[in-house]
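Subject: The structure we talked about

Hi there,

Here is the structure I promised to pass on. Have a look at it first, and then read on for what turned up.

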Amino acid sequence: MWNTALSEIGDEAFAGTYLTTGDLSKTSLTLAQEQAFAGCSLKEVVFPSTLRTVGSHLFGLCDALESVRFLGNAPEIDNFAEETEEGFPAGDIYVTISSGSVEDVYDIYLPKVTTFIEKGTSGWGAVPGTWQGRPINYWSMSTDPIPDLGASATASEVAAALEGSADANLAENIKTAVEYAAYRTWALKLGGVTPREVKDSPNAWLSYALDTDVLIAVAPKEEDVVINTFESAANEDAFEFTVKIDGIEVGDNALEANIRKVFDIEGVEKLVSDGVGFSSDNVEVNAAAPKNGNVKFTVTPKMESGEKLSSFFIRVKMK
């Protein structure tokens with residue numbers, strides 16, 4: 001998370017680092033100096049509308065760079081050197097990529113991916129067109145894998161933003177602007193993962209629903225779901241138990257509504273044979289906030305008034 005008070009990024013501040021994403025849109029950044037991101041692992045960056053000046057060779061040797069977006073007017077480019085050793089103008093800002101590679105070049109010149117800007121900004125020249133010799137066009141939803149829709153987004157706008165996601169469960173479970181905003185907030189805070197990687201993940205919904213801090217690579221199997229603790233609740237007719245998933249730590253901010261969409265709690269009074277009679281209709285379920293990577297449930301068997309149970313069986317599975 002970037003400090004919102006950030007106003008300047010110094011020379012070579014992130015040069016050679018493993019920084020992969022740079023959503024600076026909420027900062028007060030006005031200046032990014034020479035080679036600020038040179039040679040780092042940056043995949044995408046969003047500059048705020050406050051940006052006024054960038055130094056030369058800003059993205060030199062950033063061969064992993066995939067996406068650059070400017071939210072404000074075209075920045076001025078300070079030339080701190082006459083020329084690179086390969087003869088490219090020092091004032092060029094390298095914001096594009098190609099599938100090829102260039103060897104022995106101080107600043108890699110990769111002109112094949114468009115840089116995106118906001119409508120209503122100035123200083124860019126004709127759009128679509130070029131800026132600093134690079135293709136430029138207006139930003140659209142298709143260029144932002146998980147766009148900001150705002151609090152008044154309609155159900156159709158949410159559906160359009162989720163279109164193209166590898167995990168169809170996202171569209172099935174996220175319908176409102178509030179639900180979408182929560183998903184987007186989670187996606188953007190993941191370390192070392194781009195929004196595009198989130199959208200392309202087949203397990204994005206499960207990862208979000210469980211508030212994991214990394215994308216789940218492989219969906220858990222039935223045997224990975226384990227009842228960790230089990231005891232009687234304060235209400236003598238109820239039971240409390242915690243559930244864990246081997247290899248997955250559930251985040252403390254996982255929403256109860258999402259947890260209920262992930263886990264299916266079923267009960268049966270008499271165990272006749274494996275699986276026979278178990279039903280979610282036989283239990284009333286409440287989920288507490290996750291803790292220490294586990295999910296806590298309180299389950300009350302549904303029975304006729306005054307009826308006492310001599311036995312009751314509960315099972316947990318993933319939907």
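How many helices and strands does the secondary structure of the chain come to? The count is 6 helices and 16 strands. Please keep in mind that this is a predicted model.

**The chain as a whole**

The chain has 319 residues, and 42% of them are buried. If you take the contacts between residues at least 6 apart in sequence, 47% of these join residues at least 24 apart. The chain exposes about 16,500 Å², with carbon and sulfur atoms supplying 47% of that area.

**Helix 1 and its cover**

A good place to start is helix 1, which spans residues 155-162. Its buried residues are V158, A161 and L162. They sit on the same side of helix 1, because the arc they cover around the axis is only 95 degrees. The general background is that an α-helix has 3.6 residues a turn, so residues three or four places apart point the same way. And what covers the buried residues of helix 1? The cover includes helix 2 (169-173), helix 3 (177-189) and helix 4 (195-199). After helix 1 comes G164, which has a positive phi near 95 degrees.

**An open sheet**

Next, look at the sheet built from 4 strands in the order 11-12-15-14. This sheet is open, and its pairing is antiparallel. Which strands stand at the edges? They are strand 11 and strand 14; each has a single partner strand, so one side of each is left without a neighbour in the sheet. From one strand to the next, the twist averages 25 degrees.

You can follow one of the pairings in detail. Strand 11 and strand 12 (residues 239-245) run antiparallel and are joined by 7 bridges. In this part of the sheet, S232 stands opposite F239 of strand 12.

**D211 in its loop**

Just before strand 11 in the tour of the chain there is a residue worth a visit: D211, in the loop between helix 5 (204-209) and strand 11 (225-232). Is D211 buried or exposed? D211 counts as buried, because its relative accessibility is 12% and the cut-off for buried is under 20%. Its side chain reaches the backbone nitrogen of N253 at 3.1 Å. Leaving aside neighbours within four places in sequence, D211 is in contact with W186, K189, G251, D252, N253 and A254.

**Backbone details in other loops**

Two residues that are not glycines have a positive phi, and you can look them up one after the other.

- Q35 has a phi near 55 degrees. It is placed in the loop between strand 3 (31-32) and strand 4 (44-47), and it is buried, with a relative accessible area of 13%.
- N292 has a phi of about 55 degrees. It lies in the loop between strand 14 (283-291) and strand 15 (294-301), and it is exposed, with a relative accessible area of 65%.

Finally, where is there a cis peptide bond? It joins V127 and P128, with omega at about 0 degrees. P128 belongs to the loop between strand 8 (115-117) and strand 9 (129-131).

Enjoy looking around!

Best wishes

Methods. Residues are numbered from 1 along each chain as its sequence is written. This is a predicted model: local features need pLDDT of at least 70, side-chain atom pairs count only at pLDDT 80 or more; totals for chains, interfaces and linings use all residues. Side-chain values use heavy atoms; hydrogens and water are left out. Buried means under 20% relative accessible area, exposed over 50%, partly exposed in between (1.4 Å probe, protein chains only). Contact means heavy atoms within 4.5 Å. Accessible areas come from the Shrake-Rupley method with a 1.4 Å probe; for residues, only the protein chains shown count as cover. A polar contact is a pair of N or O atoms within 3.5 Å; within protein, one must be able to donate a hydrogen and the other to accept it, and residues adjacent in sequence count only if both atoms are side-chain atoms. The arc is that of the directions from the helix axis to the C-beta atoms. Two strands pair if DSSP finds at least two bridges between them. Axes are lines fitted to C-alpha atoms, for helices over the stretch in contact, and angles run from 0 to 180 degrees between N-to-C directions.
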